[in-house]
Amino acid sequence: MSYPELDLNLTVEQKATRDMIRKFGAEVMRPVGIQLDLLADPAEVIAEKSVLWDVFRQYRQLGLHKRGLPKSVGGMLEDIDLMQGIIIAEEMGYADSGLAISLGVAGNPFRYAALSDDPEIKGWARDYVNDLECKMIGCWAITEPDHGSDWVMATQDDFNKPETGPSLKAVKKGDEYVLNGQKSAWVSDGTMATHAALHVCLEPSKGMHGSGICILPLDRPGITKGKPLNKLGQRALNQGEIFFEEVVIPKKYMVVSDYNLSLPLMRGILTNANTGMGVTFGGLAKAAFDEALKYARERVQGGIPIIQHQNIKLKLIQMFRRVESARSLARRTMAYNAANAPMGSPLHAIASKVTSTEAATEVAAEAIQIFGGNGLSKEYVIEKLFRDAKASMIEDGENSALSLAAAGFF
Ligand SMILES: Cc1cc2nc3c(=O)[nH]c(=O)nc-3n(C[C@H](O)[C@H](O)[C@H](O)COP(=O)(O)OP(=O)(O)OC[C@H]3O[C@@H](n4cnc5c(N)ncnc54)[C@H](O)[C@@H]3O)c2cc1C
């Protein structure tokens, strides 16, 4: 870290967590993220021999995948305090945001599974906790080719028009549901996932407010996957389509089967996801700043380090202000929303996500100016940080759609 942190009175445990995650970030996540980013074909990212799996395995050996799961299934949810949670999310975003998202979302369906009373479903959560070989990987499948921001707007009271409803339909037949439809190429971990938390349409006449959630293994007959998506930033993050054709699941897999819950549930999910994004991308904003500061101290022009030029000083202080403002809002929001789960404040969560992802993108763009021509070169990480940040402005909700939704909470 390049300037003193304002974290006062960190406990011994919090300092140990910080040192552990910072080491994992610097020695494992950052270098592997750079390697994966350079691969031309995204299929290589998830190939059997890919270095991606070293990151996944080491993450699980450190026990970090247990963070979101309760002790009742062998998790560590109750053992991680708020500050430790913030430090882990920030440092992972600092190291490599694409990998941070990939590692985090891999636990998504198992967090739902842990809440189930059904022995088979709860068993998935236990198996995930014990799976150090990374045979179990989850994804969160919500976006569809024709419904992206519609899911964000679904958090509004009036967004219940039939034409906005999910295309992926779940029809109840006796003790089973039959699924037909597809999720879009943007599903994170989509093509490598073994299990999904899947948002489906239960009642078409209610539009987005007629939806439910099932969790299921993705090896059931009728499920196929697309090719890994080739994209601008966060290239270490695998993404891809999942197709469902006459897929039969037992009704117990529909963990949210009452569509009357879809509105409060979507608000809770939006709040939770955006709160985490705010902290994670505050970390990326800081990473971009640190690269710029380091370079400005080393690069000499006019016979002096460029940090001594007034224009560079001014840029740096403005960047610093943006980073610290974003991180402060993100931390404060996470503290409030953790204490007021599950609903928290969607307004603050969105404000934090938008602020952090904008800060990351704008600070990385300014950092490129400070690097001059070198900022555009693949020899330096800053152009990657810029691309990673740009992706975050659309991830978990495009920022203007999110902002419109946030205004609905005034
Ligand atoms: C890196 C990354 C990771 C992601 N991970 C996942 C994941 O794990 N699971 C998953 O399911 N999805 C995931 N997504 C998908 C993401 O949530 C969607 O891309 C996002 O919600 C935007 O949807 P869209 O791309 O279809 O854009 P669209 O909804 O088509 O939006 C296009 C433009 O239209 C505007 N717009 C749309 N609707 C409105 C409206 N009602 N009012 C005003 N303006 C509007 C938007 O603001 C935007 O500028 C991910 C995306 C990215 C980039």
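Okay, let's start small, with one lysine. K23 has a relative accessibility of 49%, and that counts as partly exposed. The cut-off for exposed is over 50%, so K23 stays in the partly exposed class. Its partner is E27, and E27 is exposed, with a relative accessible area of 52%. The two form a salt bridge, with the closest N and O atoms 3.3 Å apart. Both sit in helix α1, which covers residues 12-37, and because they are 4 residues apart there, about one helical turn separates them.

Before I go on, please keep in mind that this is a predicted model.

So how many salt bridges does the rule count? It comes to 25. I'll pick out a few.

Take R322 and E362. Their side chains meet in a salt bridge at 1.8 Å, N to O. This pair links distant parts of the chain: R322 is in helix α10, E362 is in helix α11, and they are 40 residues apart. On accessibility, R322 is partly exposed at 30%, and E362 is partly exposed too, at 37%.

Now stay in helix α10 and look at R327 and E324. Here the side chains meet at 2.8 Å, N to O, again as a salt bridge. They are 3 residues apart in the helix, so about one helical turn lies between them. Are these two buried or exposed? R327 counts as buried, at 3% relative accessibility, and E324 is buried as well, with 17%. This pair also belongs to a network of salt bridges, whose members are E5, D7, E90, E324, R327 and R331.

Let's zoom out to the domains. The domain assignment gives domain 1 as 12-130, domain 2 as 138-260 and domain 3 as 263-407. I'd like to talk about domains 2 and 3. Taken over C-alpha atoms, their centres are separated by 29 Å. Each side brings 20 residues to the contact: 20 from domain 2 and 20 from domain 3.

How much area do domain 2 and domain 3 bury between them? About 1600 Å², and 67% of that is on carbon and sulfur atoms. On the domain 2 side, three names to remember are V152, T155 and Q234: they supply 35% of the area that domain 2 buries against domain 3, more than any other three residues.

What about polar links across this interface? The rule finds 6 residue pairs in polar contact there. If you're looking at the side of domain 2 that touches domain 3, helix α8, residues 150-153, gives the largest share, with 3 residues. That side divides into 10 nonpolar, 8 polar and 2 charged residues. As for salt bridges between domain 2 and domain 3, the count is 1. And here's a salt bridge to look up in the viewer: R267 with D157, where the closest N and O atoms are 2.8 Å apart.

Next stop, helix α9. It runs over residues 262-298, and T271 lies in it. T271 is buried, with just 2% relative accessible area. What does it touch? Leaving aside neighbours within four places in sequence, T271 is in contact with N337, M343, G344, S345, P346 and A349. Its side chain also reaches the backbone oxygen of M343, at 3.5 Å.

That takes us to the loop between α10 (310-339) and α11 (346-371), where P342 lies. Check the peptide bond from A341 to P342: it is cis, with omega near 5 degrees.

Last, two backbone oddities. Which residue has a positive phi of about 60 degrees although it is not a glycine? That's C134. You'll find C134 in the loop between α7 (119-130) and β1 (138-141), and it is buried, with a relative accessible area of 8%. The other one is D396, with a positive phi of about 55 degrees, and again it is not a glycine. D396 lies in the loop between α12 (382-392) and α13 (399-407). At 28% relative accessibility, D396 counts as partly exposed, whereas C134 is buried.

That's my tour, thanks for listening.

Conventions
Residues are numbered from 1 along each chain as its sequence is written. This is a predicted model: local features need pLDDT of at least 70, side-chain atom pairs count only at pLDDT 80 or more; totals for chains, interfaces and linings use all residues. Side-chain values use heavy atoms; hydrogens and water are left out. Buried means under 20% relative accessible area, exposed over 50%, partly exposed in between (1.4 Å probe, protein chains only). A polar contact is a pair of N or O atoms within 3.5 Å; within protein, one must be able to donate a hydrogen and the other to accept it, and residues adjacent in sequence count only if both atoms are side-chain atoms. Contact means heavy atoms within 4.5 Å. Domain bounds come from an automatic or database domain assignment. Buried area is the accessible area (1.4 Å probe) that two parts lose on being put together, summed over both. A salt bridge is a side-chain nitrogen of Lys or Arg within 4 Å of a carboxyl oxygen of Asp or Glu. Ala, Val, Leu, Ile, Met, Phe, Trp, Tyr, Cys and Pro count as nonpolar, Asp, Glu, Lys and Arg as charged, and the others, Gly among them, as polar.
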